[in-house]
Structure formats: structure tokens, C-alpha cells
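Hi everyone, thanks for coming. I'd like to walk you through one structure today, and I'll start with a bit of vocabulary before we look at the details.

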Amino acid sequence: MGRVLAVIIWIITLLSVLLFVAGKWWFPEGISSHAPALDRQFLITILVVGISFTAAQVGLGWMVWKYRDTGSSTDRAVYSHGSNRLEVLWTVITAVVFITLGVMGQSVWASLRLNDAPPGSYTVEVVAQQFQWNFHYAGKDNKFGRTDPKFIDDGSLNFIGLDASDASSADDAVTAALVIPVNRPVELRLRSKDVIHNFWVPQLRFKQDLVPGMEIKVHFTANKVGKYELACAELCGQLHFKMRSYMLVVPEEEIQSLQAMPQEQFQTRLAELINQYQLPNYQ
Ligand SMILES: [Cu+2]
């Protein structure tokens with residue numbers, strides 16, 4: 001029986017490794033300038049973790065095989081207090097491996113969050129709420145109209161509390177889908193009206209929480225025109241599954257013309273663009 005168990009452990013290990021090595025299920029194509037660095041880091045991490053996993057499972061199977069009940073032995077089991085030296089050794093090795101991976105990975109992560117967005121970035125304010133996304137664009141004057149929670153009125157579609165008495169809010173647009181330029185840095189200012197939500201576009205290799213009471217600034221550069229699914233990746237309530245939208249990456253000229261449009265025209269054109277672009281093929 002011990003042998004059978006050992007072989008089962010080895011087969012499960014082999015199949016688990018094959019799932020990854022086969023490469024059938026992997027990330028969709030990356031569409032941001034930081035995607036290659038992030039994918040490289042992910043590959044290094046999964047190789048290190050995969051090798052450790054395989055070694056541990058093969059070792060486990062080997063122990064099961066070696067110390068199986070052969071029916072002939074009359075030895076009694078011995079109790080061991082363990083080995084402090086071994087405990088220290090494998091704790092230190094694990095810590096070194098994980099800290100090294102963490103330090104290697106943080107540079108990409110930090111570059112998108114801790115530095116200021118490059119000058120000339122296209123800025124969009126993102127206000128998440130149960131259960132929809134609101135994207136706020138500055139309009140022709142490049143100035144965001146003032147917002148105040150006291151003006152929030154979902155009934156009259158003022159989801160973000162735009163102050164109508166502020167002159168710079170007159171040309172602003174608020175939409176339910178995100179549209180950004182290609183090959184130009186984009187800064188998102190992420191806020192939430194109620195609970196924690198999470199902005200996630202897998203192709204962008206970008207995922208960030210939106211936390212009530214905080215404005216989180218992040219930036220990235222998308223480098224492929226197209227339509228991508230944008231999901232809330234934080235379980236945020238009963239209708240969380242409905243909190244999905246699109247991110248459109250369009251040529252700079254399209255952004256310029258959208259920016260010059262009044263709100264209603266902006267909405268119509270955005271709807272047209274959403275119909276026009278196809279989602280990437282996931283096969
Ligand atoms: Cu959400």
C-alpha cells in the first residue's frame with residue numbers, strides 16, 4: 001500500500017507540473033510597457049516555487065516508499081524532538097529565497113505606484129461604487145471640475161458629486177467605461193465611494209485596490225490599441241459579479257477628439273468605439 005501511495009503522490013506532482021509546463025493556460029498577451037518585466041519576474045518566481053514544490057513532493061513520496069509497512073518489521077516507532085539545526089537551516093533558506101524574490105519584484109511594482117506619473121500623462125479619475133465604475137475626464141480645459149460628496153446624487157446620474165457651479169466642470173465627462181491613449185503614460189486617481197474595490201485589467205498586468213477615504217495614484221503606459229475587459233477583483237457585495245466594464249486603448253487623435261466633445265457626444269462616441277473594437281481572442 002505504501003508503494004501505491006508513493007506512486008500516487010508522484011503522479012499528482014507530475015500532473016501539476018505538466019499543467020504549467022504545457023503552457024496552455026497562461027496569461028493573455030501583455031499590453032503595457034511594464035508587462036515584459038512583470039512576466040519575467042513571474043516566471044522566475046514560478047520556476048523557484050515549482051522546483052521547491054517538485055523536490056518536496058518527490059521527497060515525500062520517497063519517504064512513504066522507504067518507510068512503508070513491509071509487514072516483517074517488529075521495530076517500534078521512535079519519538080524525536082526534532083533538530084534545531086535543521087529548523088534554523090530551512091527557515092533561513094526559505095526566508096532568503098522569499099526576500100530575494102520580493103526585492104527583485106518590488107522595483108516594477110514600486111515604479112508604477114511610488115513615483116510621480118511622467119509629465120504629459122493622460123489623467124483619469126476613477127470612482128468605484130457598488131456596483132459600477134465611474135471614469136471622470138477633464139475635458140477641453142484639462143482641468144477636473146471640483147467634486148464634493150454632498151453633490152453625489154445617483155438619481156440624477158451625478159455619481160461622483162461633480163459641482164455644477166465650478167466652471168471647470170462644465171466640459172468634464174463621466175463615463176462607465178475607461179478610454180485611454182496608446183503609447184502615452186496614463187495616470188489613474190483611484191477612489192471608492194463605499195467599500196474596497198479593485199481595478200484589474202489582466203492584459204495590462206495591473207491590479208490595484210480602491211480604498212474608501214484614499215486617493216491612490218498609479219500610472220502605466222498601454223502599448224496596444226484594443227478593447228479589454230476591466231473587472232472589479234475585490235468581492236465588494238452581492239452584485240460584485242456585475243461590476244465589469246471595458247478599457248479601450250485608442251490612438252492619441254481619438255483621445256484628442258473625445259476630449260473636445262461635450263459629455264453626451266463623448267458617451268455616444270465611446271459606445272461606438274466599444275462596439276467597433278473586438279475583445280482579444282483568449283485561445
Ligand atoms: Cu467592486
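So, a donor here is an N, O or S atom within 2.8 Å of the metal. Keep that in mind, and keep in mind too that this is a predicted model.

Okay, the metal site. Which residues coordinate the copper ion? There's His 197 through its ND1 atom, Cys 232 and Cys 236 through their SG atoms, and Met 243 through SD, at 2.1 to 2.5 Å. If you go along the sequence, the spacing of those donor residues reads H-x34-C-x3-C-x6-M.

What about the geometry? The 4 donor atoms subtend angles of 91 to 123 degrees around the copper ion, and that's why we call the arrangement tetrahedral. The cut-off is that all angles have to lie between 85 and 135 degrees. For reference, the ideal angle for four tetrahedral donors is 109.5 degrees.

Now the two cysteines. Are they buried or exposed? Cys 232 has a relative accessibility of 7%, so it counts as buried. Cys 236 comes out at 5%, so it counts as buried as well. The cut-off for buried is under 20%. And in case you're wondering about disulfides, a search of the whole structure finds 0 of them.

Let's move on to the sheets. I'll take the one with E6 in it, since E6 starts at a residue you already know: strand E6 covers residues 197–201, and His 197 is one of the copper donors. This is an open sheet of 5 strands, in the order E4-E10-E9-E6-E7, and the pairing is mixed. At the edges sit strand E4 (178–181) and strand E7 (206–210), each pairing on one side only. From one strand to the next, the twist averages 25 degrees.

Inside that sheet, E6 pairs with strand E9, residues 226–232, in the antiparallel sense over 2 bridges. To find the spot on your screen, look for Trp 200, which stands opposite Ala 231 in E9. Then there's helix H4, residues 252–259, which packs on the sheet. H4 touches E4 and strand E10 (244–250), and its direction makes about 125 degrees with that of E4.

Here's another open sheet, with 5 strands in the order E3-E2-E1-E5-E8 and mixed pairing. Its edge strands are E3 (173–175) and E8 (216–221), and each pairs on one side only. The twist in this sheet averages 25 degrees from one strand to the next. Helix H5, residues 263–276, packs on the sheet, touching strand E2 (132–137) and E3, and its direction makes about 35 degrees with that of E3.

Let me go through the pairs. Strand E1 (residues 122–129) and E2 run antiparallel, joined by 5 bridges, and they form a hairpin with 2 residues between them. Gln 129 has Gln 132 in E2 as its bridge partner. E2 also pairs with E3, antiparallel again, over 3 bridges, and there Phe 135 is partnered with Thr 175 in E3. How much of E2 is buried? It's mostly covered, with 5 of its 6 residues buried.

Last pair: strand E5 (residues 185–192) and E8 run antiparallel, and 6 bridges join them. One place to look is Pro 185, which stands opposite Thr 221 in E8.

That's my tour, so let's have your questions.

How values were computed:
Residues are numbered from 1 along each chain as its sequence is written. This is a predicted model: local features need pLDDT of at least 70, side-chain atom pairs count only at pLDDT 80 or more; totals for chains, interfaces and linings use all residues. Side-chain values use heavy atoms; hydrogens and water are left out. Two strands pair if DSSP finds at least two bridges between them. Helices (H or I, at least four residues) and strands (E, at least two) are DSSP runs, numbered from the N terminus. Axes are lines fitted to C-alpha atoms, for helices over the stretch in contact, and angles run from 0 to 180 degrees between N-to-C directions. Contact means heavy atoms within 4.5 Å. Donors are N, O and S atoms within 2.8 Å of the metal (3.2 Å for Na, K and Ca); water is not among the atoms, so sites may look incomplete. Four donors count as tetrahedral if all angles lie between 85 and 135 degrees; four count as square planar and six as octahedral if opposite donors are over 155 degrees apart and all others between 65 and 115; anything else is irregular. Buried means under 20% relative accessible area, exposed over 50%, partly exposed in between (1.4 Å probe, protein chains only). A disulfide is a pair of cysteine sulfur atoms within 2.5 Å.
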